[in-house]
Amino acid sequence: MSKYLDNPQAVRALVQEDRIHRDVYLSQEIFDLEMEHLHGRSWIYLGHESQVREPGDYITAEISGRSLIMVRNTDKSVRVLMNRCAHKGAKVVTERSGNTGRGFSCPYHSWAYRLDGTLAGVPLRQGYEGTRMNDCESGQGLVKVKNVKVYRGFVFFRLSEIGQGFEDYFKGALYALDNMADRSPEGELEVVGECLRNEIRCNWKIYLENINDTVHAPVTHESSAMSAKAVWDEQPEGSPKPLAMELLLPFAGGVDFAASMGGRVFPNGHSVLGTNTSLHSNYSAVPEYEEAMVKAYGKERAHAILSFAPQNSIFYPSMAVKAAPQTMRVLRPLGSNRTLLEVWAFRPKGTPDVLVQRTLSYNRLVFSPLSVVAHDDIQVFETIQSSVRSPGNDWVSLHRGFKADELGSTDYASDGANEVLMRNQYRGWAKLITEGMTRGDGAPFPKAVNA
Ligand code: FES
Ligand SMILES: [Fe+2]
């Protein structure tokens, strides 16, 4: 019997004010509801404008069980289309990226589409004369995603007709994305290279929680951080610091450092961690870059941009950025216990190569499957997915730092060790998913009770 499918009250009860029920990780019904209501009604990151510079350039992605194409149209606009042939449903584009010329052609019976998705031609057209084909969905071509927003080059979409507008949905949090783009003297970013992909055997929310988890680092990453520190401590004073050391040594900061970072939460699960300081605050200066920034923005503004270096800014539920090393993580849920992680690198336009070298080194050292950091995280995430099933405790604790005044607050600041950033993810989760299940009839978020 279905436990959650038609029962928003039961779904809402999975999120209490200071803890969450393990079914949010484990239940396939919950996963299906998330894909339909949470991911369907939210603004989801698809790709970056710089990946489709010229008309005909496209990328494809599998997101929340839907196949999508992002393409640069002849009028230079970015379009998002369902990658589903209007004839019999075949996937029209099978490559991850490329240039399709003036249109798409389906590999099954060669129905042809323009870059805006409209039907350009079908073989054996006379066979359709006098039929209803032109008047029904099939005659309209590839389904167009209507709600698309390009913000500072980042392309987001919302599948559902119902839902908040882009600015309202990300209200408050967008300053962190602005900061990342503003780190270019030209105010623009571009993707560098391909991404690192890693399929992880855990629920997507376990990974996303960790992006807000400062306290695990001194524990989970102790072996790599302390090994780096031990090697560095043996070097003669005044030795030049290698890039890898610069990137890894901050991981040796303890719990006090975690607390000192500071964080802010926003509605719908978004957050900025590291509002005071972060792992990325003390990278060595690049004088040529700083000069270019001062020239572009003036001294005061350039300083404000560069001194704000959050650890992670989450644009719930699909992506998180690190503005200072110019890197982005994108989460694509594949199942209740499978998640695809993509890690992307960006170049701020008009900056020296050393910045990109830092970005790529960071991604290799920290996020790649062969890193000295990510494998420890992934080991833990995958154990959670199985061990959380153990009998005797159905709940996951998010109690640390809980204060009643955080409930209902739309812009709440905390120390960096406070689990409010994770609690906030689940408050967003519960609101979005149950609003979707109740067709947005406005049932208020409950004052949770501890059972
Ligand atoms: S399924 Fe695409 S042309 Fe037939
Ligand atoms: Fe970690």
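This tour moves from the whole fold to the metal site, the nonpolar cores and the cysteines of a predicted model.

**The whole protein**

Begin with the full protein in cartoon representation, where 15 helices and 20 strands can be displayed. The radius of gyration is 23 Å, close to the 22 Å that the globule rule gives for 451 residues, so the protein is as compact as a globular protein of that length. Viewed along the principal axes, the C-alpha atoms fill a box of roughly 85 × 60 × 40 Å. Colouring by accessibility is informative here: 54% of the 451 residues count as buried. If contacts are drawn for pairs with a separation of 6 or more, 66% of them join residues 24 or more positions apart.

**The iron site**

Next, select ligand 2, the iron ion, together with His 216, His 221 and Asp 377. Each histidine donates through NE2, while Asp 377 appears twice among the donors through OD atoms. The distances from these protein donors to the iron ion run from 2.0 to 2.4 Å. Along the chain, the donors follow the spacing H-x4-H-x155-D.

Why is the arrangement around the iron ion irregular? The four donor atoms subtend angles of 58 to 147°, whereas a tetrahedral assignment would need all angles to lie between 85 and 135 degrees. Switching to a surface view, one finds that both His 216 and His 221 are buried.

**The nonpolar cores**

Now select Phe 154, Met 319 and Trp 429. Within the largest nonpolar core, which has 82 residues, these three touch the most other members. Add helix H15, residues 420–437, which gives the most to this core, with seven residues.

Centre the view on Phe 154 and hide its neighbours within four places in sequence. The remaining contacts of Phe 154 include Tyr 45, Gly 47 and His 48, as well as Lys 149, Leu 177, Met 180 and Leu 189. Met 319, Met 328 and Phe 346 are also in contact with Phe 154. Apart from the largest core lies another, of 17 residues; to locate it, select Tyr 58, Val 71, Val 92 and Leu 119, which are among its members.

**The cysteines**

Finally, turn to the sulfur atoms. A search of the whole structure finds zero disulfides. Select Cys 195, which is in no disulfide: the nearest cysteine sulfur, that of Cys 202, is 17 Å away. Is Cys 195 buried or exposed? At 11% relative accessibility, Cys 195 counts as buried. Cys 202 is likewise in no disulfide, and is buried with a relative accessible area of 0%.

Methods:
Residues are numbered from 1 along each chain as its sequence is written. Chains are lettered from A and ligands numbered from 1 in the order in which they are written. This is a predicted model: local features need pLDDT of at least 70, side-chain atom pairs count only at pLDDT 80 or more; totals for chains, interfaces and linings use all residues. Side-chain values use heavy atoms; hydrogens and water are left out. Donors are N, O and S atoms within 2.8 Å of the metal (3.2 Å for Na, K and Ca); water is not among the atoms, so sites may look incomplete. Four donors count as tetrahedral if all angles lie between 85 and 135 degrees; four count as square planar and six as octahedral if opposite donors are over 155 degrees apart and all others between 65 and 115; anything else is irregular. Buried means under 20% relative accessible area, exposed over 50%, partly exposed in between (1.4 Å probe, protein chains only). A nonpolar core is a set of buried Ala, Val, Leu, Ile, Met, Phe, Trp, Tyr and Cys residues joined through side-chain atoms within 4.5 Å. Helices (H or I, at least four residues) and strands (E, at least two) are DSSP runs, numbered from the N terminus. Contact means heavy atoms within 4.5 Å. A disulfide is a pair of cysteine sulfur atoms within 2.5 Å. The radius of gyration is taken over C-alpha atoms; the globule rule is 2.2 Å times the number of residues to the power 0.38.
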